[in-house]
Protein chains: 2
Amino acid sequence: MLIEERLKELKDKINGIVPKGITVSQVEFEGPELVIYTDDPKAFAEQADLIKVLARDLRKRIVVRTNNLKDPETAVSEIKSVVTENAGITDIFFDADTGEVLIEAEKPGVVIGKNGATLREITKHIGWTPKVVRTPPIESSTIKQVRQYLRSVKDERKTFLRAIGRRIHRDIISKDQWARVTMLGCCREVGRAAFLLSTPESKVLIDCGEKPGSNNGTPYLYVSEIYPLTQLDAVVLTHAHLDHCAYIPLLYKYGFEGPVYCTPPTRDLSAMLQLDYLEVVRKENEKIPYTSNEVKTYVRHSIPLNYGNVTDIAPDIKLTFHNAGHILGSAVAHFHIGDGLYNVAFTGDFNYSKSRLFSPATTQFPRLEALFIESTYGGSNDVQPARREAEERLYQVIKTVIGRGGKVVIPAFAVGRSQEVMLALEEGIRLGKIPKTPIYLDGMIREATAIHTTYPEYLNNELRNQIFREGMNPFLAECFVQVDSPDFREKVISGDPCVVITTSGMLNGGPVMEYLKGCAPDAKNALVFVGYQAEGTFGRRIQKGWRELPIGGREMIRIELEIVTIDGFSGHSDRRELMNYVGHVQPRPEKIFTIHGDENKTIDLASSLYKRYHIETHSPLNLETYRMI
Amino acid sequence: MLIEERLKELKDKINGIVPKGITVSQVEFEGPELVIYTDDPKAFAEQADLIKVLARDLRKRIVVRTNNLKDPETAVSEIKSVVTENAGITDIFFDADTGEVLIEAEKPGVVIGKNGATLREITKHIGWTPKVVRTPPIESSTIKQVRQYLRSVKDERKTFLRAIGRRIHRDIISKDQWARVTMLGCCREVGRAAFLLSTPESKVLIDCGEKPGSNNGTPYLYVSEIYPLTQLDAVVLTHAHLDHCAYIPLLYKYGFEGPVYCTPPTRDLSAMLQLDYLEVVRKENEKIPYTSNEVKTYVRHSIPLNYGNVTDIAPDIKLTFHNAGHILGSAVAHFHIGDGLYNVAFTGDFNYSKSRLFSPATTQFPRLEALFIESTYGGSNDVQPARREAEERLYQVIKTVIGRGGKVVIPAFAVGRSQEVMLALEEGIRLGKIPKTPIYLDGMIREATAIHTTYPEYLNNELRNQIFREGMNPFLAECFVQVDSPDFREKVISGDPCVVITTSGMLNGGPVMEYLKGCAPDAKNALVFVGYQAEGTFGRRIQKGWRELPIGGREMIRIELEIVTIDGFSGHSDRRELMNYVGHVQPRPEKIFTIHGDENKTIDLASSLYKRYHIETHSPLNLETYRMI
């Protein structure tokens, strides 16, 4: 069927469902959404459940727009009259092409209203379709840039979304029914995640990351399976860490033209980390795989999806993201293939224990036949201490070091680990478990934290309540001090006892190197590792006991400060949690693939899962393809 | 390195090896061979071991040519003066472009001489490089056509071979080292054999057949892995049966431009069967996948290889064919990958017992890590009677039926089974085990037999000796009578007691249907099945006990004749032989993949092999890809 015929059919169907008096002038696909144009948005908005009914009956995500738009000035005053002042509206932006008005507010919930009542009210008055985003409580330059950029390319983006929408809803041609997954990286290793899900109709790439500590750390992007890239229907990104997203911009350089689906925080964090990655590569004088232009192209092609939204991404594939508990916006990607043919989920990196930031990863799926599970801590000895224990140990170390007049330097990843440590320290100070001492943040940590505070709905209930209900955003606590200049950094290094959280997490560059240089010679100080140190990094060498290190060329520093490693802050499930997760996943999968772990760990986990649950398990190799069905 | 530089380097190396006084004017790649041009072919030919030394040192297949060519007339008389008359030269053809002279002789061995002495003598005298082919003792129109056609396209073919030669010897670019096999068909099923062997440098397709008894029986040729077809380095064809070769011409229609490697008999038999296949499809009014033009294109692109010749087919892949014992020219394809990196062999269809026609399949390989083994009779109950027993049973049936005045109709595949039965019957008559009765051959059997007699070096020692030494070609025995017209067929049907061997082997069309119609009503006659009858064929229905069948539209025939099934004539290894084969393969492989068998048989065989030999076994699925290394 031609797409025009399909749209006509949908329009007729919609006209059959909407009450008399409501006119539907046009329907159009935009990305995964079906956009319904009406001359009478008021009437549409008055029917509270109408959109839900349409979405259910048509099995599509529905957006309603109108051609009867009030002029922006009037519309602004209408919005302000409907929305109460405490919403804290900071910006209103009109997009005549989509008929959307973007309302940036400190409290988006107030603009939305209960069950969307306020939004419906707005629509009724102004015609424009309101979209609400949060005003970042800590200003994030990334988010500002992303939003500005997306506004500047709105025409191009609309064309793109229409094309993608029509592509998603193309006819199914093949009579064959199968689904398979090709491993393009991340098997029996950590890093360069890239999995190709293919059916007779469609191809979807899940993640496209780098391998840390490796020179040529791309996935196997040169094999035929993913070519031509113009036929790749979509990239699905589970979370923003570089070992999952670093090479997505490269795909556009190679000819990919399709969308990248990810959660909104993943889009922002990944763009930030990709730009930082380019900086790091540039500083190391290595060949730059792509430029910031390709990062922009990626952002322009991204389609944000929230957890739980079942979304058509290809004629025979529906994607749903679920909370993965690993970092902000991290998702378990669930794929429903064909009309009930098969279901496969990729955990991405996930945490099945509750952390200070996130709820444990989802275990409930409508259907599930195959599960791809990460195995970072999949070895039988990979049992981590409980978070609470790790925190108590950190408090103890800080108390001791501060007590003896020293400084505590904590190298940490900007995204995830830093915020987890910040929350622990904020509580430690609040409850008097550690002395009231400044906690300096250096590197990208503040920017990453700003992005966290923009998306509190992605944090766990307690933290969200703390931020919303109690109005006590722990990230804004006065103990945190941003280091924003080399002079200030010098002062911190030569100043009073304190705690410093800084990047990079593995001491392979970044401001942490300055702190190390300054603090290393004094045995009163301490360097506290809270994360995994990969082979080949300075962090790893120091952990191994090296006491003299070359820093920046020939300069050698002697390591006199105390070295402490505290396990238990990981964003990954440990061995026990991985085993338990599979036991709790509903429904029980038929097949499990252990990936994203060292060779012995993926094999150990696969074999242990088989023994405990009698589920078929595989520990695939890179470049292999497995049939799902 | 540019190919010109490589050729220059080779030329310098050759000049360093050849004795002083011999000049090498040019070297060039032609297909997998390195062609050395010399002004002095005499001097070259006098050094008996020189070519061997060059081949060993350069690790290339060497051909020597000269530019000093005598005029054809003089050359013919020189050849006739060197070669003794009993060689039976029937044709001499000169190819000025390649400098080759093709000598067709009844006894090629006499033209070649001991260790090639006569050939060297010819070269010394005439400059032209002699190639010797056998004059078919029974004239085969296929072979005549193939040889004529190849002569007519020799210019094009030379250009093609040079291009392929340069392509094979291109530089190796990738630093990665891996090898994998993608299953494009023939897994957990019989038919549509197609396996893609790929490395970072190269791609080779092994077989490309149809699935018998299926409407859309192509391999999975629509998946990305084999595209673009212009980057496919080669197709390797294990043997001529249609479930292995039917869709090779289609590849050319889709854009493939490379060579097909197969043994010389496989080339001729496959072209014959492909043309017949087109006829059958046409008669059934089904869509014709390609035309005889594409069969010609295939023949033009074929590069024949004899058993045992180690041949470069890609920068990092060497192919060697070994006897498989299944049908004429059938081969086990052995691939040596990289410089000692990995070795994998595909048995194709094979027979590990000695038959009247062939030696048992090879078990000895220089190196072997992975083995793909067919599983047609891989089930634990698939034990076949010994050939001798089967023959005795056939003799018994014939004696009885002829004795009671009936006719014996034996449906058989034109290639393989027919000749096997012919040889048994010829011996039966010669030794007086069955009465002297005419054995009528109808359908393509005679043509297939003619091709067999053209390549006696592909038959087993005893049969070859019988043909060569004893001059008693059993295929020429007077008991065999070719049916060459509908009238004659009518006479046979209405005539005296006799035996008829005719196609098709499964009673899905062909002259056998006429014999069935004519002989079915008389209970004195017998229909003797000597081969597997696939589901959906008339053969299968009759075996199942149907006693009334519609033939050619609405006409019904009643089956009154005796139905006999004799197992044991199969060209496949039975279960015991499959198990024993693996035990005897040297060296012992690390991995075995069971393919080309019904689902339960491939699984049963894989599990039994693992239990007996503790070798890792897999029973892969279509569309899966396994890493070899």
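Where in chain B is B:N460? In this predicted model, select B:N460 and look at the loop between α15 (445-454) and α16 (461-468) of chain B, where the residue sits. With a relative accessibility of 2%, B:N460 counts as buried, because buried means under 20%.

Next, show the surroundings of B:N460. Leaving out residues up to four places away in sequence, B:N460 touches B:K354, B:S355, B:R356, B:L357, B:F358 and B:S359.

Now move to the nonpolar interior. The largest nonpolar core has 91 residues. Select B:L205, B:I248, B:L394, B:L425, B:I439, B:I501 and B:V528, which touch the most other members of that core.

Stay on B:I501 and display its contacts, ignoring neighbours within four places in sequence. They are B:I410, B:A412, B:S418, B:V421, B:M422, B:L425, B:I439, B:Y440, B:L441, B:D442 and B:I445. Two of these contacts, B:L425 and B:I439, also appear among the core members that touch the most others.

A second core of 90 residues is separate from this one. To find it, select A:I248, A:Y298, A:A414 and A:V421, which are among its members.

Finally, show both chains whole. A turn of 180° with a shift of 0.0 Å along the axis lays chain A on chain B, with an RMSD of 0.1 Å. The two copies are therefore related as by a two-fold rotation axis. To locate that axis from chain A, pick A:T625: its C-alpha is the nearest to the axis in that chain, at 2.2 Å.

Then colour the interface. Of the interface residues of chain A, 100% are also interface residues in chain B, so the copies meet through the same surface.

Terms used:
Residues are numbered from 1 along each chain as its sequence is written. Chains are lettered from A and ligands numbered from 1 in the order in which they are written. This is a predicted model: local features need pLDDT of at least 70, side-chain atom pairs count only at pLDDT 80 or more; totals for chains, interfaces and linings use all residues. Side-chain values use heavy atoms; hydrogens and water are left out. Copies are superposed by least squares on the C-alpha atoms of residues with pLDDT of at least 70 in both. Contact means heavy atoms within 4.5 Å. Helices (H or I, at least four residues) and strands (E, at least two) are DSSP runs, numbered from the N terminus. Buried means under 20% relative accessible area, exposed over 50%, partly exposed in between (1.4 Å probe, protein chains only). A nonpolar core is a set of buried Ala, Val, Leu, Ile, Met, Phe, Trp, Tyr and Cys residues joined through side-chain atoms within 4.5 Å.
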